[in-house]
Structures are given as C-alpha cells and as structure tokens.
Amino acid sequence: MTLAEWCVFGALLLYLLTIVSIKWIRFRGFDNSRPRDPAFYEDAIAQRALGAHQNGIETFPFFTFAVLLAEFRDSPQRLIDELAVLFLIVRVAYVLTYLGNRPTLRSILWSIGFAINLGIFFMPMLKRFLPV
C-alpha cells in the first residue's frame, strides 16, 4: 500500500476517533441503545465533537476518490503521498480547532484541506507539468 492509501485509512480513523473519544470520556452518559440521542450531545464539547465527526464523514469520500483517481491515472506518487500526508495533518488540526472552539481558524483549515483535495483530484490533468 502507498503512503497516500494509509492516509485514507488515517482519515477514516480520525473521524471515528473524534466521536468515540467523547463517547468514551462520557461513558456513563452514553446509551448505546440510543446512539443518536440529542440529549447526549447537549454539552458544548460533545456538540463540537459530533460536528467534527460529521464533517469528517463529509470530507472522507472526496479525499478517498481524489487519492485513488490520482493513483490510477499514474500521477507522481511522491506528490500524491506528500499531499495526502498534508491533508491528514490539516484534518487533525481541523478537529483540534473544532473541539477547541476556534471557528475562524477551523474554517481556514477546512479551506486548506479542500484545496489540497482539489490539488490531488486535478493532478492527473496536470501531471505533464509536474515533476516525476
């Protein structure tokens, strides 16, 4: 597996761990028979963790598709790997700023992550201009 493919797996784990961590911390208040109970998410940190988790679910398909498309279209693997690692770093920072209630920085990081995804996605179209 390539480093970029491991980053896809890392992005999956990140959005899962974002919500699992809150459920683990507030274990006594979590009712597994009602996992979407709005009362569990009344606390501000739990709401932000849920928001970060849901955003991770939303961004995951595009990131995964972009990485696979770039790899299947023989784009420079080193560049795909570097951008995928950068995306994962930005996503970790995004989750931390979401949990830390820093909305402006969070939006900036989301935009950077989206730009990285666009770069990976359009890499096959631009590969003749990229270093090997």
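**Exercise 1.** At what angle do the axes of helix H2 (residues 44–72) and H4 cross, and within what distance do they come? Determine also how the two helices run relative to each other.

*Solution.* The model examined here is predicted.

Step 1. Two packed helices are described by the angle between their axes and the distance between the axes.

Step 2. For H2 and H4, the axes cross at roughly 25° and come within 7 Å.

Step 3. Angles under 35 degrees count as roughly parallel, and therefore H2 is roughly parallel to H4.

Step 4. The crossing in which H2 passes H4 is left-handed.

Step 5. On the H2 side, the residues in contact include Phe 62, Phe 63, Phe 65 and Ala 66; they face H4 residues, among them Trp 110, Phe 114 and Phe 121. By class, this contact has 13 nonpolar and 3 polar residues, with no charged residues.

**Exercise 2.** Describe the packing of helix H3 (residues 77–99) against helix H4 (residues 103–126).

*Solution.*

Step 1. The axes of H3 and H4 lie 9 Å apart, and the packing angle is about 160°.

Step 2. Angles over 145 degrees count as roughly antiparallel, so H3 is roughly antiparallel to H4.

Step 3. H3 and H4 also form a left-handed crossing.

Step 4. Among the H3 residues that meet H4 are Leu 83, Phe 87, Val 90 and Tyr 94; their H4 counterparts include Leu 109, Gly 113, Ile 116 and Ile 120. The residues of this contact comprise 17 nonpolar, 4 polar and 2 charged.

**Exercise 3.** Is Val 90 buried or exposed, and which residues does Val 90 touch beyond four places away in sequence?

*Solution.*

Step 1. Locate the residue: Val 90 belongs to helix H3.

Step 2. The relative accessibility of Val 90 is 8%. Buried means under 20%, and so Val 90 counts as buried.

Step 3. Leaving aside residues up to four places away in sequence, Val 90 touches Leu 109, Ile 112, Gly 113 and Ile 116.

Step 4. Gly 113 stands 23 residues from Val 90 along the chain, with 6.1 Å between their C-alpha atoms.

**Exercise 4.** Where does UniProt place the feature "transmembrane region"? Compare the record with the helix content of the model.

*Solution.*

Step 1. The unreviewed UniProt entry gives this feature at residues 6–25, 83–101 and 107–126.

Step 2. In the model, residues 83–101 are 89% helix and 0% strand, with the end C-alpha atoms 26 Å apart.

Step 3. Residues 107–126 are 100% helix and 0% strand, and their end C-alpha atoms are separated by 27 Å.

Technical notes. Residues numbered from 1 in each chain as written. Predicted model: local features only at pLDDT ≥ 70, side-chain atom pairs only at ≥ 80, totals over all residues. Heavy atoms only, no water. Axes fitted to C-alpha atoms, helices over the stretch in contact; angles between N-to-C directions. Helix = DSSP H or I, 4+ residues; strand = E, 2+ residues; numbered from the N terminus. Parallel < 35°, antiparallel > 145°, perpendicular 65-115°, else oblique. Left-handed = near helix turned anticlockwise from the far one by under 90°. Contact = heavy atoms within 4.5 Å. Nonpolar A, V, L, I, M, F, W, Y, C, P; charged D, E, K, R; others polar. UniProt positions renumbered as here; feature names shortened; annotations may be inferred. Buried < 20%, exposed > 50% of the residue type's maximum accessible area, 1.4 Å probe, protein only.
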